[in-house]
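Let's take a friendly walk through this model, starting with its sheet and moving on to the place where two chains meet.

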Amino acid sequence: MTSVGDSIHPYVVTTTVENWNRFAAINDEFIPHSMDDQAAISEGFPSAFGMGNIQWAYLHNMLRTFAGVNGTIMKLEIQFRRPNTKGQTLTAQGKITAVTDGVISLDIWTQDQEGNQLAHGSAVVRPSTWVPA
Amino acid sequence: MPDTYMVPEVLAAIGRECSRSTSFPISTSDIRKWALAVYWPETPPQAFIDAEYAPEDFDPFAWGPAKYESLLPEDDGSVIYRHGINQKALGIPEWEFMVGVNGGMDCKYGVRMHAGDVITDVKSVGQWSERQGKTGLMLMTRVVSVWTNQRGEEVKRTINTGISY
Amino acid sequence: MTVNVGDVIPTFVRETGFANWNRYAAVNDEFVPIHMDDAAGEAAGNGGAFGMGNLQWAYLHNMLRAFVGENGEILGMEVQFRSPNVKGQTLTAHGVVTGIEGDVISLEIWTDTQDGLKLAPGSATVRMGK
């Protein structure tokens, strides 16, 4: 799983206010539109929606598993494109775009259960057990 | 729904000790965050910001105990009962309830909790009662929880009433 | 400070909603759907999400702590939760002195809403700080 074009193991989570409130708890990020359907609807969204920071965390979870315990996440960037609304099954995914001397570049994104991309970006990691292809 | 919940197994359980939990040492951050939450949006009293002692209502077991043991021979202790008791292991019939709510608390305080304290909680079965409600017969379960610190001083003694219907 | 039977002590007031409840869930690990999600609260027959009894318990402590002062003690407290604290209510913790024995003061305590609906009545004993 270290060749260009390979997909890495995804990180899948069904997202609700429970996930977001727990994240708000550790990040002091108690934002009305992430806690309260009414607040989000008044802003034009279909329901409460999760913070971008937790998608960022899920992408890190995926990359950390891929890189291994002693691996290093060197770089990550994403853009948020759609809201992660209540009840969606969110999947963090990654596809290898380059492999150079043990450093792996990836295209990364999150998507909902219907395949809509919510956030998209790229990452660079150095896995702990890299073996040349 | 039975005619009464006050069956022999329920009455025989009164007074039985069910579990013993030991907390992680209380940290200054635990105290500060608790106070920030319960005083929000105002700033808590400086004593809590400085973590001189914990608010009386502080719960060091909130995010799980350091150690948990069941005191019931019929319970292997694999499930942690933070607020309640293992009624099945006590032989209480497995009635099906629609709703369980917090009916109230009755608490006597002893010494204060401070950062560094390790609290032990022993839970036992209190008195049971039943009452006819709008949706049928309700069962009131009382759990007695006694907290002591690492010096054996009593921190508090609480009776929590759960209502099931 | 002189305390007499019948004295009304300073209240503790909060407009309650997810901002309070989720912060409390955060410290008490009490992430229960009926307290976080209107749909879950409504399904449970409460018209929407509602706050934890434990947080009303904490607000009553906050009120008593301010009353007894820095070196005072809250000796005991009991309350019964009678009605749910739903979103948007302004919840007030109240206390009235009902008895004085030596340095121990007994109080009737309760929380109510902006409409005067009593949510959690109870009693407490405290010792004033020196």
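## The shared sheet

In this predicted model, eleven strands form an open sheet with antiparallel pairing, in the order 2(B)-1(B)-4(B)-5(B)-6(B)-3(B)-2(C)-5(C)-4(C)-3(C)-1(C). Strand 2 (67–70) of chain B and strand 1 (12–15) of chain C are at the edges; each has a single partner strand, so one side of each lacks a neighbour in the sheet. From one strand to the next, the twist averages 20°.

## Inside chain C

Strand 3 (residues 90–101) and strand 4 (residues 104–112) of chain C run antiparallel and are joined by nine bridges. Here C:Glu101 sits opposite C:Val104 of strand 4. Helix 4 (residues 53–68) of chain C packs on the sheet, where its contacts include strand 3 (100–109) of chain B and strand 2 (73–80) of chain C. The direction of helix 4 makes about 145° with that of strand 2 of chain C.

## Where B meets C

Strand 3 of chain B and strand 2 of chain C run antiparallel, with five bridges between them. One of the pairings puts B:Met105 with C:Val79.

Across the whole interface, 26 residues of chain B contact 30 residues of chain C. The two chains bury about 2600 Å² between them, 51% of it on carbon and sulfur atoms. There are three salt bridges between chain B and chain C; in a salt bridge at 2.6 Å (N to O), the side chain of C:Arg65 meets that of B:Glu56. Polar contacts link 17 residue pairs across this interface. On the side of chain B that touches chain C, strand 3 of chain B gives the most, with eight residues. By class, that side has 14 nonpolar, three polar and nine charged residues.

Technical notes: Residues numbered from 1 in each chain as written. Chains lettered and ligands numbered in written order. Predicted model: local features only at pLDDT ≥ 70, side-chain atom pairs only at ≥ 80, totals over all residues. Heavy atoms only, no water. Pairing = 2+ DSSP bridges. Helix = DSSP H or I, 4+ residues; strand = E, 2+ residues; numbered from the N terminus. Axes fitted to C-alpha atoms, helices over the stretch in contact; angles between N-to-C directions. Contact = heavy atoms within 4.5 Å. Buried area = accessible area lost by both parts, 1.4 Å probe. Salt bridge = Lys/Arg side-chain N within 4 Å of Asp/Glu carboxyl O. Polar contact = N/O pair within 3.5 Å; in protein donor to acceptor, adjacent residues only side chain to side chain. Nonpolar A, V, L, I, M, F, W, Y, C, P; charged D, E, K, R; others polar.
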